Structure formats: C-alpha cells, structure tokens
Amino acid sequence: MADMSRYLFDNTDARTPDRFSVLESCYDHFSRRQLLLTGLAPGWRCLEVGGGGGSLGDWLAQQVGPDGEVTVTDLDPRWAQSRPHPPQVRLLRHDIVNDPLPGDGYDVIHARLVLLHLPERLDVLDRLVAALRPGGRLVLDEFDCTWTPPLAAPDEAAVSLFQHVHSALLTQLEKAGADPLWGRRTLAALTNAGLTEVTSTTYAESWPGGGKGIGLHRVNMQQAREGLLADGITDEELTRFYALLDNPAFVVNSYPLISTQGCK
Ligand SMILES: C[S@@+](CC[C@H](N)C(=O)[O-])C[C@H]1O[C@@H](n2cnc3c(N)ncnc32)[C@H](O)[C@@H]1O
C-alpha cells in the first residue's frame with residue numbers, strides 16, 4: 001500500500017469535531033456563496049475532496065437534487081460517517097495524493113483547507129483539473145495562515161503571547177509539509193494549471209475571546225502540543241494562551257479564507 005500522506009491535525013483525535021464545527025459555522029456560508037458562482041445546478045456531478053465533517057457535501061446534494069451526484073472523500077471520513085447523508089452523497093475513504101481519483105468528467109470539484117496541508121499540492125491540483133469536464137469548475141478555499149492580526153487586546157503582552165505561540169504553530173505546520181501561505185498562491189497555481197477565468201475572493205471576520213471561531217486556535221494548539229513543547233513553547237505559555245482565547249477583551253482577525261475558482 002502507498003504511504004499515507006502527512007496531515008498534522010489527524011482526524012483520529014477526539015477533538016476533531018470541534019475543528020469541523022468552527023469551519024462549518026464560520027466559513028460554510030462563504031464557501032456556499034462561492035460554489036453558487038460556478039453555476040451549480042440540478043443534475044451536476046460534484047467531487048468534494050477532504051470533506052471533513054461533510055456539511056458542504058450535504059449542501060451540494062441539495063443543490064444538485066436527486067438526479068445529481070456528490071462524492072465526498074476524506075483520508076479519514078469517520079466524522080462524516082457518524083451521521084446520515086442525502087442518498088446522492090457517496091462517502092469515500094480516499095487519499096487524494098496516492099489513490100486513483102474516484103471518477104472523472106466532474107462539473108465541479110471543491111476542496112477547502114486540504115491542499116494547504118499536502119506537500120504534493122501542485123500534483124494534486126493537476127489531477128483535479130484533469131478530472132473536470134471541459135467547462136467544469138475547480139474551487140479551492142484556502143487560508144493565508146500568516147494574516148491573523150489581533151484587533152483588540154487587554155495589553156501588549158497579550159499580543160506578543162498570541163504572536164509567539166501562533167508562529168510556533170506555523171512552524172509545526174511547515175514541518176508537516178503544509179504551506180501556511182498557500183491561500184495567496186492559489187490564483188497563480190490555478191492559472192499555471194491551465195484554468196481560465198481564474199478569480200479569488202477573500203473572507204475574514206473578527207474572532208472575540210470566548211467566541212466560537214477563536215476556539216480553532218485552541219484545538220489546533222492542543223493537537224500540536226507535543227511539537228510545540230519540543231520547539232520550546234512552555235506549558236505555562238500554553239495555559240496563558242488558552243486563557244487569552246477565553247478573554248472577551250482579546251479579539252483576533254480570523255484566518256482569511258481565500259476562495260479561488262477557475263474554468264477548464
Ligand atoms: C482542515 S480539515 C478541512 C475539512 C473540510 N474540508 C472543511 O473545510 O471543513 C482537512 C481535511 O482533509 C483531510 N485530508 C488530509 N489529507 C488528505 C488526503 N491526502 N486525502 C484526502 N483527505 C485528506 C483530513 O482528513 C481532514 O478531514
């Protein structure tokens with residue numbers, strides 16, 4: 001069997017549903033808006049790569065109706081499998097790096113926050129483009145993980161603490177083969193992959209301490225804890241970081257989600 005590709009935030013962790021819940025509540029409305037711009041219509045065949053909790057796959061199924069088809073893949077689909085889905089959704093355990101694609105001639109292919117994590121992202125991109133029908137659309141929604149300015153803070157020490165711990169997380173991501181800047185590289189990558197009419201739109205919001213969105217930082221740090229400690233972050237810093245995430249006087253910009261789409 002081929003090697004599984006690396007992914008820092010492995011879905012076996014019991015806190016994974018917290019991550020999917022934040023992504024769904026903060027970003028699904030924006031991803032849906034961007035997907036509607038493809039012309040999404042009844043009867044379309046869609047591929048949702050690395051579908052995570054599966055919420056967008058279910059929404060795509062509503063849009064394409066009973067004559068459409070939605071294939072939702074994930075390296076580890078256990079969380080999407082834990083609940084029912086519309087009949088036109090096919091859930092697959094599938095590695096987008098190493099497995100043959102589950103089909104071709106798709107009308108639309110969507111992936112959110114998947115290629116960012118994959119060192120082989122440009123090869124995967126070429127394979128996704130090849131799996132589109134002529135005129136089909138690829139939509140990639142990806143973060144620029146580096147643009148997370150604090151928007152309000154109880155003091156300067158809080159800003160420094162956030163930036164110190166967050167930059168250590170970016171190092172962990174890079175060590176696992178992720179590209180924290182992938183979001184801002186996708187427009188050029190889709191153009192270089194031969195797509196036309198390539199455009200990007202970016203969404204961000206404020207994440208106050210104690211709110212839902214900022215909880216993404218908690219689950220990410222908890223899951224990367226071992227590597228953070230090995231790189232010199234202390235448990236005391238992590239404790240203060242978690243307290244900051246609960247403090248309404250601290251507000252941080254969400255990760256900007258850059259949605260890029262192009263036509264084959
Ligand atoms: C950050 S989560 C995003 C989940 C979902 N797309 C969303 O935005 O809510 C990344 C997802 O990609 C999946 N993934 C990672 N590597 C993958 C691979 N090689 N093939 C397929 N899925 C992969 C993970 O298992 C995880 O569910």
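This short talk describes the largest pocket of the structure above and the ligand that occupies it.

Good morning. Please keep in mind throughout that we are looking at a predicted model.

I begin with the pocket itself. The largest pocket holds about 690 Å³ of space. Its lining is made up of 40 residues, and those lying nearest the centre are Y7, F20, L113, V114 and H117. Several elements give two or more residues to this lining: the helices α1 (16-36), α2 (55-64) and α7 (215-223), together with the strands β1 (45-49), β2 (69-74) and β4 (106-112). Which of these gives the largest share of the lining? That element is α1, with 4 residues. Sorted by class, the lining has 18 nonpolar, 13 polar and 9 charged residues.

I turn now to the ligand. The space that the ligand takes is this largest pocket. There are 18 residues around the ligand, and G50, D74, D95, I96 and R112 come nearest. Within this shell, 9 residues are nonpolar, 6 are polar and 3 are charged.

Two of the nearest residues, D74 and R112, deserve a further look. Where D74 is concerned, a polar atom of the side chain lies 2.5 Å from an oxygen atom of the ligand. In R112, an N or O atom of the side chain is found 2.6 Å from an oxygen atom of the ligand. L75 takes part through its backbone: a polar backbone atom there is 3.2 Å from a nitrogen atom of the ligand.

Finally, is the ligand mostly buried or exposed? On its own, the ligand exposes 590 Å², and the protein buries 97% of that area.

To summarise, the ligand takes the space of the largest pocket, has polar atoms of D74, L75 and R112 beside its own oxygen or nitrogen atoms, and has 97% of its area buried by the protein. Thank you for your attention.

How values were computed: Residues numbered from 1 in each chain as written. Predicted model: local features only at pLDDT ≥ 70, side-chain atom pairs only at ≥ 80, totals over all residues. Heavy atoms only, no water. 1 Å grid on protein atoms, 1.4 Å probe; cavity = no way out; pocket = protein on both sides within 12 Å on 5 of 7 lines; lining within 4 Å. Points joined across faces, edges and corners; volume = space filled by probe spheres on them. Nonpolar A, V, L, I, M, F, W, Y, C, P; charged D, E, K, R; others polar. Near = heavy atom within 4 Å. Polar contact = N/O pair within 3.5 Å; in protein donor to acceptor, adjacent residues only side chain to side chain. Areas by Shrake-Rupley, 256 points an atom, 1.4 Å probe, with all protein chains shown as cover. Sits in = over half its atoms within 2 Å of the grid points.
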